[in-house]
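Please open the structure in your viewer and keep the selection panel at hand, since this tour proceeds by selecting residues and looking at what surrounds them.

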Amino acid sequence: MFSLKPPKPTFKSYLLPQAEEKITPEPKIKKLEPVLLPGEIVVNEVNFVRKCIATDTSQYDLWGKLVCTNFKTSFITDDPMPLQKFHYKNLLLGEHDVPLTCIEQIVTVNDTKRKQKVLGPNQKLKFNPTELIIYCKDFRIVRFRFDEAGPESAKKVCLAIAHYSQPTDLQLLFAFEYVGKMYHNPAKKVNGIDPGGGGGSSGSGQQTPLFEAYSDWDREIKRTGASEWRVCSVNEGYMISTCLPEYFVVPSSLADQDLKLYSYSFIGRRMPVWCWNHPNGSALVRMANIKDVLQQRKIDQRICNAITRSHPQRSDVYKSDLDKCLPNIQEIQAAFIKLKQLCVNEPFEETEEKWLSSLENTHWLEYIRSFLKHSVEVVYMLECKRVSVVLQEEEGRDLSCLVASLVQVMLDPYFRTIVGFQSLLQKEWVMAGYQFLDRCNHLKRSDKESPLFLMFLDSVWQLLEQYPAAFEFSETYLTLLYDSTRISLFGTFLFNSPHQRVKESTEFAISKNIQLGDEKGLKFPSVWDWSLQFTTRDRMLFHNPLYIGKSAPCVQNGAVKSFKRSKKNYSSTLRGIPPALKNGIISEQEFLPRRNSLILKLKPDSLQQAASHNNSLEQYFRAWFSKPVDLHGVILPQLSGTHVKLWKLCYFRWVPEAQINNGGFITAFHKISLLVDEVDMLNRSLRQCKSNLSLQANCSDLDQSRMYFRASGLNDISGTSDFLSSSFPFSPIGNLCRRSILGTPLSKFLSGAKIWLSTETLANED
C-alpha cells in the first residue's frame with residue numbers, strides 16, 4: 001500500500017539566510033508636455049533628444065523632447081540651462097522655442113553614411129537623421145542630436161518641421177487657427193488678456209492708432225495742422241485700389257470724382273497720398289508712377305497743382321524719384337544675405353584678417369547711409385526750402401515706406417516716442433500696403449523677399465545711437481519689434497495689404513462657419529499689444545533712461561514747476577569731431593580709406609554728386625551742426641563711415657563667442673537706469689511730502705517705477721550686474737557655438753578698439 005504522507009524534502013541549502021530587500025517604487029518620470037496656445041496642436045514629437053550647446057564638448061548639452069506644432073518647434077527639458085544667468089521671457093514662446101515662420105533652412109545629417117540634406121516641403125528623407133540643424137531668420141542656429149532617439153520618430157519630426165515651416169497657402173499660417181479658435185471661444189483669454197484686434201497699450205496707457213478708421217486720419221491732420229488737406233473715403237470697401245487703405249488724405253482741392261478718374265493712370269491705382277505736414281505748410285506725399293504715357297504730363301501737372309494749392313505760400317513741388325537714386329530691393333536682399341553669411345555662417349578663425357573688408361563688401365552699411373543721406377535731403381527741402389515733396393516710386397510701397405518714415409522720425413519728435421513710432425509704422429507701412437507677406441517671405445516661396453523693414457529699423461537705430469536722449473524707446477525695443485515680424489500670430493506683419501487681410505480672413509471665416517456680423521474680416525491680435533508677449537516688468541526694457549521729455553517736473557519752494565531747458569542744457573554732438581565731418585560730408589581727399597578701414601567706398605557718381613552739392617544745402621548742414629542739438633526739433637545723422645555702425649545687439653546677440661561679459665552698452669544703461677530711478681523716487685517723495693499724503697499712499701507710490709533696473713525695492717536684481725553682457729536681454733547660450741574669435745579683428749571690433757585706423761595712424765596719434 002502507498003503511504004498518504006508527503007515525502008520529506010532531501011534538499012539542504014548551505015547558503016546563509018539573507019534579509020528580505022524592500023522593493024522601493026520607481027520614481028515617477030515627469031511628463032514633458034509643451035504649453036499650447038488656442039488652436040495650437042502637436043503634429044509630431046520625439047523623445048531622448050540632445051540639444052547641443054557647444055561643438056567641442058557635450059558636457060553642457062541638454063536632454064529632452066523635441067516637439068513640432070502648427071506654430072513652433074519646441075524643445076522641452078527639465079535640465080537647467082548651463083552658464084546662463086539671465087534671460088527675458090516671451091509669454092508666447094518657451095526658452096527653447098522657435099516659431100515656424102522664423103525658420104529659414106532645415107538641414108538633416110547622417111554621420112555614419114556621411115550624408116546631409118536640406119529639407120523642403122513634401123520631400124522624402126531616404127536616411128535616418130542623426131542630427132538636425134535649424135537656421136533661423138533672426139541669425140540663430142539650433143542643433144539637435146538623435147543618438148538615443150528612435151530613428152523613425154526622428155525622421156518623422158524632421159519631415160514635420162520641414163512641412164509645417166513652409167506652408168503653401170496664407171490661411172495655413174497659425175494666426176488663422178488661433179483667431180478662429182478665439183472666435184469660437186470668445187471668453188478665452190491668453191496670458192490673462194483678451195487678444196482682440198485693438199491697438200494695444202505701449203505701457204504708458206496710450207492706445208496706438210491703427211489708421212483703419214476715418215477718425216484716426218482726421219486726428220493726424222489736426223495734429224500736424226494740415227488745414228488744406230482732407231480725409232478721403234473714395235476707396236471704402238477697396239472699390240478703387242486693393243493696395244491702399246480705405247481712408248487716406250488728399251488735397252482738399254481734389255474732388256472724389258477726379259480721384260476716381262486719375263486712379264486708372266497709376267500703377268496699382270495707387271493715387272498720391274499724404275504722409276505728413278510741416279508746421280511751415282510744406283507736405284510730404286507718396287505717389288506711384290503714372291503708367292499712361294499719353295496722359296502722364298497732364299495728370300502729373302494736375303496733381304502738382306493740387307498739392308501747390310494746399311501750401312499756404314503756394315510753393316512749388318519737389319519730386320524725388322527713389323528708383324533712380326536708391327538701391328533696389330534685390331540689391332538690399334543681396335547685401336543682407338552677405339551680412340548674414342558673415343555674422344552666422346563664416347567660421348571665426350584666429351587667422352581671419354578680412355572680417356572688416358568682408359563687412360565692407362556686404363554693402364549693408366553703404367545702403368543704410370544712402371537712405372539716411374537721401375532722407376536728409378528731403379528734410380532740407382521741407383524744412384529749409386519750405387516746399388512740398390513728392391516721393392515717387394514704381395509701385396509706391398517699398399522704398400517710399402522707408403524714406404517717408406525716416407523723414408518723419410527726423411522732423412517730428414512725436415514719432416520718436418513709443419506710441420508715435422508705432423502709429424508711424426501703422427500709417428506708413430501696414431496701412432500703406434507694404435508687402436510684409438512677400439518681403440518677409442512667410443510662405444518660403446517668394447522671389448520678392450527683401451529686408452526693407454529691418455533696414456528701416458537699423459537706420460532708426462543709427463539715429464538712436466547718435467542721439468540717445470531724443471528717443472523714448474531703446475534698442476531692445478527695436479530688436480524685439482524685428483523679432484515680432486517672425487511670429488505668425490499678429491496680423492500686423494502678416495499681410496501684403498489691409499485688403500488682403502479682409503479678403504483672406506473672410507474666406508477663412510466662411511469655411512469655418514464663423515459669424516462676422518458687421519466686422520470687415522477677422523480681427524487678428526495686434527503686435528502693439530505687448531502684454532501678450534511680455535510681462536509689465538520686461539516691457540520696462542523698452543524705455544530709454546536717457547530720454548529727455550519736453551519738460552521735466554521739479555519741486556521748488558513747495559510747488560511743482562516745469563523745468564525749461566536753456567541752450568546750455570542741450571547736448572552737442574560736435575565735441576571731438578573733425579571739422580570736415582561736422583556736416584556729414586567728407587571731401588574726396590579725406591575720403592580715401594585707410595587699411596582695414598570701416599569707411600565704405602562710395603560709388604563715383606555719389607562722389608560727383610557730393611562735389612556738386614548745392615551751396616545752400618551745404619550751408620544748411622553746416623548751420624545745423626554748428627548749433628547745439630534741439631532734442632525736440634530736427635535731428636540729422638552724421639553720415640561718415642565712423643558714425644554709421646553695425647547694429648551689434650541685433651546681429652551678434654545669438655553668437656556666444658561675440659558676447660562681452662560685463663561689457664557693451666548695457667553696462668551704461670544699467671547705471672543710468674539706477675540713477676534715473678533714484679531721481680524719480682526722490683521727486684515722488686518730495687511731491688508726496690508737500691501734498692501731505694498718508695504714509696501708506698507714499699509707499700504705494702514709491703513702488704512705481706518706469707525703469708527695469710531699480711535703485712531699490714523687493715525682488716530687485718540690480719544689486720549685482722554679473723548677469724549683464726553685450727547680448728542683454730538675450731542669451732546666446734543654447735545656440736550653436738563656433739571657434740574662438742580671440743585675437744581676431746572681430747574681437748577687437750566688438751571691444752570697441754580703433755581698428756579702422758592703420759598702425760601708422762595710431763603711432764602718429766600717440
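The stops below take in two helix pairs, a cavity and two backbone details, in a model that is predicted.

**First stop: α10 and α11**

Two packed helices are described by the angle between their axes and the distance between the axes. Select residues 399–411, which form helix α10, together with residues 418–430, which form helix α11, and look at how their axes come within 10 Å and cross at roughly 150°. Because angles over 145 degrees count as roughly antiparallel, α10 is roughly antiparallel to α11. The crossing of this pair, α10 and α11, is right-handed. To see the contact itself, show the side chains of Cys401, Leu402, Ala404, Ser405, Gln408 and Val409 in α10, which meet Phe421, Leu424, Lys427, Glu428 and Trp429 in α11. Coloured by class, the contact of α10 with α11 shows 7 nonpolar, 2 polar and 2 charged residues.

**Second stop: the largest cavity**

Stay with α11, and add α15 (498–511) to the selection, as each of these helices supplies at least two residues of the lining of the largest cavity. This cavity has a volume of about 240 Å³, and a search of the whole structure finds 7 cavities of 30 Å³ or more. The largest cavity is lined by 18 residues, of which Glu212, Val430, Gly491, Thr492 and Arg501 are the closest to its centre. By class, the lining of the largest cavity divides into 9 nonpolar, 6 polar and 3 charged residues.

**Third stop: α9 and α18**

Next select helix α9 (residues 364–383) and helix α18 (residues 615–625), whose axes are 11 Å apart and which pack at an angle of about 95°. With this angle, α9 is roughly perpendicular to α18. Where do the two helices α9 and α18 make their contact? On α9, display Val376, Glu377, Val379, Tyr380 and Glu383, and on α18 display Ser616, Leu617, Tyr620 and Phe621, since these residues make the contact. The contact of α9 with α18 has 6 nonpolar, 1 polar and 2 charged residues.

**Last stop: two backbone details**

Most residues other than glycine have a negative phi, and most peptide bonds are trans. Go to tyrosine 238, in the loop between β9 (229–232) and β10 (248–251), where phi is near 55°, a positive value in a residue other than glycine. Then move to proline 729, in the loop between α21 (695–702) and α22 (745–750), and select phenylalanine 728 with it: the peptide bond from phenylalanine 728 to proline 729 is cis, with omega near 5°.

Note on methods
Residues numbered from 1 in each chain as written. Predicted model: local features only at pLDDT ≥ 70, side-chain atom pairs only at ≥ 80, totals over all residues. Heavy atoms only, no water. Axes fitted to C-alpha atoms, helices over the stretch in contact; angles between N-to-C directions. Helix = DSSP H or I, 4+ residues; strand = E, 2+ residues; numbered from the N terminus. Parallel < 35°, antiparallel > 145°, perpendicular 65-115°, else oblique. Left-handed = near helix turned anticlockwise from the far one by under 90°. Contact = heavy atoms within 4.5 Å. Nonpolar A, V, L, I, M, F, W, Y, C, P; charged D, E, K, R; others polar. 1 Å grid on protein atoms, 1.4 Å probe; cavity = no way out; pocket = protein on both sides within 12 Å on 5 of 7 lines; lining within 4 Å. Points joined across faces, edges and corners; volume = space filled by probe spheres on them.
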